[in-house]
Amino acid sequence: MEQLLICLSAALIAGLLMSRLAKAIHLPAVTSYLLAGLLLGPFFLGRLSLSNFGIGFGTLEQVDSLSIITQVALGFIAFVIGNEFRLSTLESMGRQAITVGILQAVMTTALVDAALVVLHFIRPDIISMASAITLGAIAAATAPAATLMVVKQYKADGPLTRLLLMVVALDDAVGLVLFSASFGIANALQQGRIDAISILVEPVVEIVFSLGLGAVAGFALNQLEIYFHSRSKRMSLSVAFVLLTVGLSMVTFDIGPIHCGFSLLLVCMMTGTVFCNICPTSDELMDRLDRWVSPVSILFFVLSGAELDLNILSDPLVLLIGVVYIAFRSLGKISGAFVSGRATRCSRNIQKYLGITLLPQAGVALGMAAEAAELSDGHMVRNVVLFSVLVYELAGPTLTKLALTAAGEITPEGRTNARMANKPEFPVSLD
């Protein structure tokens, strides 16, 4: 226990110190947290056997043992994103968010599928048709955590930022449907039979159950919240409900031949959405909750950096498939956001920059890759996704920052503190 506490403390301090270095070279804090985790991981400090003293992580298994922290952090992140789905916002941007969220995900899947299927026909010994189809579906997933961290750090605000937060939240539902259908087809190709339940029924059931559980939790939170008047007790109640929804989302059960489960991100997001739309004081409570969970969010990214497996860089085949995957996924996100943004008459800034902000990829994609392990070359799928996560998580936050800055939704950096809004160090001239 003492080693665990020292280890978590060292991870948090290392992330904070690295963020000071990142600020000096104008990198997002989330990138510094990932780099801190990489340095504390089993491929750097972990090799020095310092983990026995609580410094660094000696093995990837040791990092995996702390997965409860990453699950809780994702729960809080999804709960806060639910704040973006207020009825007033949905009335003005809901149609655009749904259209863009679906079209860019489908276009990304189609492009990655096409590229990897062509690669399969050229070199069938490198990648199977089943894995090519599965990787295409995984490509649709976007990481909400890194995006939200960049938005919060730089206080980004504007039409692009608001649409971005809604789209990354919707990506989980769209990606879940695409992955379930594609993975079902992949299994059918390998086993010679089509399972309609796993392809069509189970993903819909998971989404419906997740949204239903989240709605009930959000309503219950509001009903209990009215009995407490102090800010600290109301915030504590909110924390309790996030922990409750994270725990319930891990429950699985069967109804006849249908295997039922929940999506953690959808459950917690729906809880936040319902609560924010029916509670008149939710704005102030969300702001306080967001500040309270900051240490958990930092640990989430440090642990994410520590679990990046650098062994995959030694396999040239994984690197080849990974480069194709990254290139066509990036093309799909950027072109898909542009086409769907133009179709829904979004502003030029949204059409131009939204796709770049959708590039980060992490936990949801890794979860899908773990499920794909039962394929004949499922280990290759996991390694390709790990390689893409390594690239996207290190480069994605910086690209998101640059895109939001170019769109005019991030104020130029200057000297700031917790009591002062971000201001440029030099006067900004419009001449």
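**Salt bridges, buried charges and cysteines in a predicted model**

Glu-284 and Arg-234 form a salt bridge in which the closest N and O atoms are 3.6 Å apart. Because Glu-284 lies in helix 12 (residues 282-292) and Arg-234 in helix 10 (residues 231-248), the pair ties together parts that are 50 residues apart in sequence. The model is a predicted one, and a search of the whole structure finds eight salt bridges and zero disulfides.

**Salt bridges and their surroundings**

- The two partners of the opening pair differ in burial class, since Glu-284 is partly exposed, with a relative accessible area of 27%, whereas Arg-234, at 7% relative accessibility, counts as buried.
- Both residues also belong to a network of salt bridges that links Glu-225, Arg-231, Arg-234, Glu-284 and Arg-288.
- Another salt bridge joins the side chains of Lys-333 and Asp-171, with an N to O distance of 3.3 Å; as Lys-333 lies in helix 14 and Asp-171 in helix 8, this pair ties together parts that are 162 residues apart in sequence.
- Lys-333 counts as buried at 0% relative accessibility, and Asp-171 likewise counts as buried at 2%.
- The side chains of Arg-123 and Asp-125 meet in a salt bridge as well, at 2.8 Å from N to O; here Arg-123 counts as partly exposed, at 38% relative accessibility, while Asp-125, at 56%, counts as exposed.

**A buried glutamate without a salt bridge**

- Glu-393, which is placed in helix 17 (residues 378-406), is buried yet has no salt bridge, and the nearest side chain of opposite charge, that of Arg-329, is 8.5 Å away.
- That distance can be set against the 4 Å within which a side-chain nitrogen of Lys or Arg must lie from a carboxyl oxygen of Asp or Glu for a salt bridge to be counted.
- When neighbours within four places in sequence are left aside, the residues in contact with Glu-393 are Leu-34, Ala-143, Ala-146, Phe-301, Pro-360, Gln-361 and Ala-362.

**Helices 11 and 15**

- Helix 11 (residues 264-278) has 15 residues and reaches 22 Å from its first C-alpha to its last, which is close to the 21 Å expected at 1.5 Å a residue.
- Twelve of the 15 residues of helix 11 are buried, and the helix is therefore largely enclosed by the rest of the structure; among these buried residues are Leu-264, Met-269, Thr-271, Phe-275 and the two cysteines Cys-268 and Cys-276.
- In helix 15 (residues 348-357), the buried residues are Ile-350, Gln-351, Tyr-353, Leu-354, Gly-355 and Thr-357.
- The buried residues of helix 15 pack against helix 5 (87-122), helix 7 (144-153), helix 8 (159-191), helix 14 (316-343) and helix 17.

**Cysteines**

- A disulfide is a covalent bond between the sulfur atoms of two cysteines, and a search of the whole structure finds zero of them.
- Cys-260 is in no disulfide, the nearest cysteine sulfur being that of Cys-268, 19 Å away; Cys-260 counts as buried, at 1% relative accessibility.
- The sulfur of Cys-279 has its closest cysteine sulfur in Cys-276, at 7.9 Å, which is too far for a bond, and Cys-279 counts as buried at 4% relative accessibility.

Technical notes. Residues numbered from 1 in each chain as written. Predicted model: local features only at pLDDT ≥ 70, side-chain atom pairs only at ≥ 80, totals over all residues. Heavy atoms only, no water. Helix = DSSP H or I, 4+ residues; strand = E, 2+ residues; numbered from the N terminus. Buried < 20%, exposed > 50% of the residue type's maximum accessible area, 1.4 Å probe, protein only. Lys, Arg positive; Asp, Glu negative; His and termini not counted. Contact = heavy atoms within 4.5 Å. Expected span 1.5 Å × (residues − 1). Disulfide = S-S within 2.5 Å.
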